[in-house]
Structure formats: structure tokens, C-alpha cells
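Good morning, colleagues. Please turn to the sequence and the structure on the screen, and I shall take you through several of their local features.

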Amino acid sequence: MPVKAFIVMLGTIAASFVAPTIVQPAQEEPTMQSVTPKPIKSGHAAVNGVNYYYAIYGTGEPLLLLHGGLGQIEMFGPNLTKLAQSRQVIGVDLQGHGRSELGAREFSFVDVGDDVAGLLKKLGYDKVDVLGYSLGGGVAFQFAVQHPDMVRRLVLVSTPFAQDGFYPEILPQMAALGAAMAEQMKETPMYKSYVAIAPHPQDFPKLLDRVGACLRKSYDWSAEVKKLTMPVMLIYGDSDMIRPEHVVKFYQLLGGGLRDAGWQREQMPRNRLAVLPNVTHYEIGLAPQLADTALPFLNGEGRGKSWDEQLSGK
């Protein structure tokens with residue numbers, strides 16, 4: 001299995017591991033922790049048999065932040081810093097990732113979505129905004145479907161609603177993820193960042209098995225999209241691993257992209273779609289455009305004036 005993609009990737013759904021055969025280890029990069037703020041509160045909380053790590057940054061309206069596969073809270077880098085300047089960011093290391101224990105249970109989007117709800121309640125949050133990226137986007141989706149009363153606004157970043165949303169060549173590589181790859185990954189940022197903070201570093205092969213088993217399961221959440229009662233924004237890179245046709249279909253399932261909005265915006269859909277230029281799936285979590293794109297939506301900010309409004313002086 002080619003593994004160079006493990007090195008260039010800084011946190012993405014494990015399905016994305018594609019690239020030519022590795023020739024030499026990547027150059028050492030500064031740890032992401034060095035460019036992220038210090039949490040005002042952090043700790044562990046047991047939910048449904050899993051001991052989750054959480055960290056809270058900044059003040060303001062609460063925003064739950066869910067990272068990509070084989071990453072941890074800090075993988076958002078400067079975006080975490082920017083979001084925490086105006087929001088109270090609740091970062092969670094997903095089951096088996098970062099400082100959260102793997103536990104005995106399989107990794108499931110549905111189960112981890114329920115866990116997130118339980119964790120937030122333990123921390124005293126009744127309703128939050130949510131931003132989830134890749135694997136974390138799948139968790140965010142299920143959390144919002146299963147607990148819609150707890151989600152005010154939802155941002156899904158590089159997240160498909162069905163397994164066939166990925167390009168076809170991604171699927172067999174997704175299926176190959178497992179413990180057998182652990183030895184090959186010892187020079188990658190994913191392994192190094194994991195063993196530096198994991199409560200049980202020896203569990204890394206087990207994590208690969210659990211995430212791989214989850215990703216091998218076929219799924220189609222198109223029916224569940226209708227259960228997303230809150231405003232939703234979809235964000236992708238223009239060179240994402242999610243097929244553009246799938247992106248458009250997702251937006252259409254949310255009621256967007258079905259008709260012209262009208263010159264007075266009388267048929268403007270509630271939900272939003274953003275495609276970031278010159279961005280792939282692999283770096284979108286660190287792309288500066290991400291926070292700049294998501295924050296106006298999360299803050300419920302308005303729009304610029306229309307031509308008619310400018311002419312009429314409204």
C-alpha cells in the first residue's frame with residue numbers, strides 16, 4: 001500500500017491515503033500545538049464507555065470543533081486560533097484519537113455522534129454550533145441528525161453524505177486501512193503526533209483497524225439529510241477528494257441549487273455551499289479561507305446590498 005500520502009496529509013479521513021511510494025521520510029515540521037492557543041479548560045469525561053479528552057478555548061458563543069481522521073484537536077492549527085478569538089471553541093479528540101481512549105467498542109459515526117451529545121451535556125452545553133471536518137464531519141452529521149435540538153448551526157467540511165461521494169479510486173485504498181500499515185507509518189505526522197499524547201500509544205494499530213472497519217462499511221445518509229433542521233453550510237476544496245457531482249447533490253438535498261434565487265432573493269435557500277479555490281481535501285482544515293468562510297455563516301451575519309437596494313438607497 002503506497003504511504004507517501006500519510007506523510008503529506010495533516011489530518012483527513014483515512015480514506016484519503018493516496019500517493020506514490022514513499023522514498024524518504026518527510027522533513028520535520030513544527031508541532032501544531034505551537035501555533036494553537038492554550039485552553040482555558042481541559043480534561044477527560046467518560047461517555048458511553050469511552051474516556052474522551054476535551055479542551056475549551058476562548059469566550060463567546062459555543063462552537064464544537066471535530067477534527068479529521070487520525071488527527072486531534074490541534075490539527076486545525078491557525079484556524080483554531082482564529083475561531084477562538086470570537087467563539088468559545090470546544091475541541092474534542094474523537095474516540096481513540098489524540099488523548100481520548102480507544103475503548104473496547106468499534107468506531108461508528110452513529111455511536112460517536114451520540115457520545116458527543118453526552119459529552120456536551122456533561123460540560124453544561126445545551127446548544128452549540130458545530131464544525132466538523134472529514135471523519136469529524138461524519139460525526140458532526142450524525143450528532144446533528146440524532147440531536148437536532150442541540151445544534152444551532154452546522155458546518156460540514158469535506159464531508160460526503162454517502163460512500164460513493166469519494167472518487168472511485170479512493171474506495172479500495174480506504175478498504176486497505178488497518179493494523180498492518182502501522183509499521184510503515186512510524187515516520188508520519190499522524191503516528192508521531194499520536195504517540196506523543198495518546199494514553200496508550202501501543203493502541204495505534206488497533207485505531208487503524210477500528211477506523212478502517214468503519215470506512216469499509218457502505219453508507220448512504222441521503223434520507224437523514226432531511227432531518228437536518230438547522231441551517232447548514234457545506235465547504236469543500238475545488239480539488240477535493242469528494243466528487244463535485246456529489247457536492248452538488250448534497251446541496252440539492254439541503255434545498256439549494258434547485259432554482260434561481262430571484263433578483264430580489266425571494267427564492268434564496270437557507271443553507272449554503274462554499275467551494276474554496278486552490279484547496280485540496282488534505283489541507284483544507286489548515287486553509288486560512290476555512291475560518292473566514294465559516295464564521296460569517298456561524299455568526300448569522302447578513303449579506304451585501306442587492307443592486308435594487310443600492311439604487312433605492314435602502
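Which residue stands opposite Val-275 in S8? In this predicted model, that residue is Tyr-236.

Let me place that pair in its setting. Strand S7 comprises residues 232-239, and strand S8 comprises residues 272-280. The two strands run parallel, and six bridges pair them. Together with helix H9, residues 244-253, strands S7 and S8 form a β-α-β unit that is right-handed.

Strand S7 also has a partner in strand S6, residues 151-157. Here too the pairing is parallel, with four bridges. In this pairing, Met-233 of S7 has Val-155 opposite. As for solvent exposure, S7 is mostly covered, with six of its eight residues buried.

I turn next to helix H4, residues 135-146. Does the length of this helix agree or disagree with its number of residues? The expected rise is 1.5 Å a residue, so its twelve residues should span 16 Å. The C-alpha atoms at its two ends lie 17 Å apart, and the two values therefore agree. Helix H4 is mostly covered as well: eleven of its twelve residues are buried. Among them are Gly-136, Gly-137 and Gly-138, together with the aromatic residues Phe-141 and Phe-143.

Just ahead of this helix, in the loop between strand S5 (128-133) and H4, we find Ser-134. Its phi is near 60°, a positive value in a residue other than glycine. Is Ser-134 buried or exposed? The cut-off for a buried residue is under 20% relative accessible area. Ser-134 has 2% relative accessibility, so it counts as buried.

A second positive phi in a residue other than glycine belongs to Asn-48, where the value is near 50°. Asn-48 sits in the loop between strand S1 (41-47) and S2. Its relative accessible area is 54%, and Asn-48 is therefore exposed, since the cut-off for that class is over 50%.

Finally, consider Thr-59, in the loop between strand S2 (50-57) and strand S3 (61-66). With a relative accessible area of 58%, Thr-59 is exposed. Which residues does Thr-59 touch, leaving aside those up to four places away in sequence? They are Ala-84, Ser-86, Arg-87 and Gln-88. For Thr-59 and Arg-87, the separation is 28 residues in sequence, while their C-alpha atoms are 5.3 Å apart in space.

That concludes my presentation. Thank you for your attention.

Technical notes: Residues numbered from 1 in each chain as written. Predicted model: local features only at pLDDT ≥ 70, side-chain atom pairs only at ≥ 80, totals over all residues. Heavy atoms only, no water. Buried < 20%, exposed > 50% of the residue type's maximum accessible area, 1.4 Å probe, protein only. Pairing = 2+ DSSP bridges. Right-handed = clockwise from strand over helix to strand, strands pointing away. Contact = heavy atoms within 4.5 Å. Expected span 1.5 Å × (residues − 1).
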